[in-house]
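Okay, thanks for coming, everyone. I'll put the structure up and then walk you through the bits I'd like you to look at.

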Amino acid sequence: MSTPSTPSTPAPRRRGEGVPDRRTLIADTAIGLVAASGLRGLTHRAVDGAAGLPAGSTSYYFRTRTALIAACYQRLAELDLGDVADLGGGGPRVLPVADRDEAAAALAGLLYRWLTVGRERQLARFELSLEAARNPALDADFLRAGQGPRARAAGILAALGAERPEEAAELLVAWTDGLLYDRLAGALARSRVAPDRAELAAVARRMIDAVLAHQG
């Protein structure tokens, strides 16, 4: 994948008309740098420059590289859960769970977003996940960031009749991550056609059906 000259940072979620606070700006910029250049591009100085901040600003808020990466985990989880809440437009709401078809359509909407406008963010998430596997100091932050999506998935699957929703959520999140990785960074990622909502809905329905069947 080509490296853009300017990293694409996630769009900050603002309150009212205000600008993002400095910690959020730094985390968003760091995520964009990781998406563009990998972890080798993540330095305090690089974040300062890309964010247009005075030298030393990033190290003031996040003294170590580990602290900066932990902030990225927290921000990624916040943005991903925000995508879940925003599904369908018209303001925050929970995923529809009236039946499996609606749940599959909602999951397909998430996948489509993360394969298109959220592509860079998901690539950064995969890069940063590998760092957690190498650095035990990141274990707690990485675990905390992963709990939100799993809890949301467990609630949805419980509403669909899962007898062991936490176990079912583990499978669904794992399969979702596998699909995203395959489409964004797998061996065939460059040659795949553009994401199709109908195809993703069919895949999502099969995943949900398989997860719920596993509960039997």
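Quick bit of vocabulary before we start: when I say helix, I mean a DSSP run of H or I with at least four residues, and the helices are numbered from the N terminus. With that in hand, Ala36 sits in helix 1. And keep in mind throughout that what you're looking at is a predicted model.

So, the overall layout. The protein has nine helices and zero strands. If you read along the sequence, the pattern is just α-α-α-α-α-α-α-α-α. Out of 216 residues, 44% are buried. And if you take the contacts with a separation of 6 or more, 69% of them come from residues 24 or more positions apart.

Let's begin at the N-terminal side. How do helix 1 and helix 2 pack, in terms of angle? Helix 1 covers residues 22–37, helix 2 covers residues 44–51, and the angle is about 105 degrees, with the axes 9 Å apart. Angles from 65 to 115 degrees count as roughly perpendicular, so that's what we call this pair: roughly perpendicular to each other.

Who's actually meeting whom there? From helix 1 you've got Leu25, Ile26, Thr29, Ala30 and Leu33, and they meet Ala46, Val47, Ala50 and Ala51 of helix 2. By type, the residues of that contact come out as eight nonpolar, one polar and no charged.

Back to Ala36 for a second. Is Ala36 buried or exposed? The relative accessible area is 10%, so Ala36 is buried. Its C-alpha is 8.2 Å from that of Ala124, and those two are 88 residues apart in sequence.

There's a similar story with Ile31, if you come at it from Arg125. The C-alpha atoms of Arg125 and Ile31 are 8.0 Å apart, with their positions 94 residues apart along the chain. Arg125 itself is in helix 6. Now, is this arginine buried or exposed? Arg125 has 17% relative accessibility, and the cut-off for buried is under 20%, so Arg125 counts as buried. As for what Arg125 touches, leaving out residues up to four places away in sequence, the list is Leu76, Asp80, Asp177 and Leu180.

Hang on to Asp177, because it comes up again in the pocket. The largest pocket has a volume of about 630 Å³. There are 32 lining residues, and the ones closest to the centre are Trp114, Pro149, Arg150, Val173 and Asp177. Which elements give two or more residues to that lining? Those are helix 4 (65–86), helix 5 (100–115), helix 6 (119–134), helix 7 (139–159) and helix 8 (165–185). Helix 7 gives the most, nine residues. And the lining as a whole divides into 23 nonpolar, four polar and five charged.

Two more residues and then I'm done. Ser57 is in helix 3, which runs over residues 57–61. Ser57 has a relative accessible area of 8%, so this serine is buried too. Leaving aside neighbours within four places in sequence, Ser57 is in contact with Arg22, Ile26 and Asp48. You'll recognise Ile26 from the contact of helix 1 with helix 2. Val47 is from that contact as well, and the C-alpha atoms of Ser57 and Val47 are 8.9 Å apart, with the two residues ten apart along the chain.

Last one, over at helix 9, residues 197–213, where Ala204 is found. How accessible is Ala204? The relative accessibility is 0%, so Ala204 counts as buried. Not counting residues up to four places away in sequence, Ala204 touches Ala104, Leu107 and Ala108. Leu111 is 93 residues away from Ala204 along the chain, and their C-alpha atoms are separated by 8.9 Å.

That's my tour, over to you.

Definitions and conventions. Residues are numbered from 1 along each chain as its sequence is written. This is a predicted model: local features need pLDDT of at least 70, side-chain atom pairs count only at pLDDT 80 or more; totals for chains, interfaces and linings use all residues. Side-chain values use heavy atoms; hydrogens and water are left out. Axes are lines fitted to C-alpha atoms, for helices over the stretch in contact, and angles run from 0 to 180 degrees between N-to-C directions. Angles under 35 degrees count as roughly parallel, over 145 as roughly antiparallel, 65 to 115 as roughly perpendicular and the rest as oblique. Contact means heavy atoms within 4.5 Å. Ala, Val, Leu, Ile, Met, Phe, Trp, Tyr, Cys and Pro count as nonpolar, Asp, Glu, Lys and Arg as charged, and the others, Gly among them, as polar. On a 1 Å grid over the protein atoms alone, a cavity is a set of points where a 1.4 Å probe fits but cannot get out, and a pocket is an open set with protein on both sides within 12 Å along at least five of seven lines; lining residues have an atom within 4 Å of a point. Grid points are joined across faces, edges and corners, and a volume is the space filled by probe spheres set on the points. Buried means under 20% relative accessible area, exposed over 50%, partly exposed in between (1.4 Å probe, protein chains only).
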